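User: I'm new to reading protein models, and I'd like to understand one small part well. Please pick one residue, take a close look at it, and then show me how it connects to what lies around it.

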Amino acid sequence: MSQPKKKTSRGRRDRRRHNSASGLSAVEAHQCKNCQSLTRPHRVCSHCGHYDGKPVVSTSLS
């Protein structure tokens with residue numbers, strides 16, 4: 001297995017680490033079709049328990 005001929009400098013190493021982390025993006029939010037609260041896409045609404053306009057999870061405490 002081949003070995004590196006030179007030691008990678010701290011600057012080159014840190015630039016590589018920074019560039020990979022800078023590619024992250026913010027999480028999107030969509031409105032629930034039932035209660036219009038902001039939810040993440042393709043997930044059950046935590047406020048009303050609906051997914052794709054249909055009740056999936058019961059949110060009543062009784």
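Analyst: Let's start with D52, which counts as partly exposed because its relative accessibility is 47% (with a 1.4 Å probe and protein chains only, buried is under 20%, exposed over 50%, and partly exposed in between). Keep in mind that this is a predicted model, where local features need pLDDT of at least 70 and side-chain atom pairs count only at pLDDT 80 or more, while totals for chains, interfaces and linings use all residues. Residues are numbered from 1 along each chain as its sequence is written, and side-chain values use heavy atoms, with hydrogens and water left out.

Where is D52? You can find D52 in the loop between β3 and β4, with β4 covering residues 54–55 (strands are DSSP runs of E with at least two residues, helices are runs of H or I with at least four, and both are numbered from the N terminus). The backbone of D52 deserves a glance too: its phi is near 55°, a positive value in a residue other than glycine.

Now look at the side chain of D52. Which residue does D52 form a salt bridge with? The partner is K33, and the closest N and O atoms are 3.3 Å apart. That fits the rule used here, in which a side-chain nitrogen of Lys or Arg must lie within 4 Å of a carboxyl oxygen of Asp or Glu. Side chains of opposite charge can pair when their charged atoms come close. K33 sits in the loop between β1 and β2 while D52 is in the loop between β3 and β4, so the pair ties together parts that are 19 residues apart in sequence. With 61% relative accessibility, K33 counts as exposed, whereas D52 is partly exposed at 47%.

How many salt bridges does a search of the whole structure find? The search turns up two. Besides the one at D52, there is a pairing between the side chains of D14 and R13, at 3.1 Å from N to O. D14 is partly exposed at 36%, and R13 is partly exposed as well, at 29%.

D52 also belongs to the lining of the largest pocket. In this model a pocket is an open set of points on a 1 Å grid where a 1.4 Å probe fits, with protein on both sides within 12 Å along at least five of seven lines, and lining residues have an atom within 4 Å of a point. The largest pocket is lined by 15 residues, and those nearest its centre are Q31, T39, R43, Y51 and D52. Two elements give two or more residues to this lining: β1 (30–31) and β3 (50–51).

From Q31 in that lining, you can step to S37, which touches H30, Q31, C32, C45 and H47, leaving out residues up to four places away in sequence (a contact has heavy atoms within 4.5 Å). S37 is found in the loop between β1 and β2 (38–39). Is S37 buried or exposed? S37 is buried, because its relative accessible area is 15%.

One of the residues touching S37 is C45, and C45 brings us to the cysteines. C45 is buried, with a relative accessible area of 3%. The cysteine sulfur closest to that of C45 belongs to C48 and lies 3.7 Å away, which is too far for a bond, since a disulfide needs two cysteine sulfur atoms within 2.5 Å. C48 is in no disulfide either; for C48, the nearest cysteine sulfur is that of C32, 3.6 Å away. C48 is buried too, at 14%. Across the whole structure, the search finds zero disulfides.

To finish, return to the backbone. D52 has a positive phi, and so does H42, where phi is near 65° in a residue other than glycine. H42 is in the loop between β2 and β3 and counts as exposed at 70% relative accessibility. For a sense of distance, compare H42 with H18, a residue of helix α1 (10–21): the two are 24 residues apart in sequence and 30 Å apart in space, C-alpha to C-alpha. H18 is exposed, with a relative accessible area of 54%. S58, in the segment after β4, lies 40 residues along the chain from H18, and their C-alpha atoms are separated by 44 Å. S58 counts as exposed, at 60% relative accessibility.
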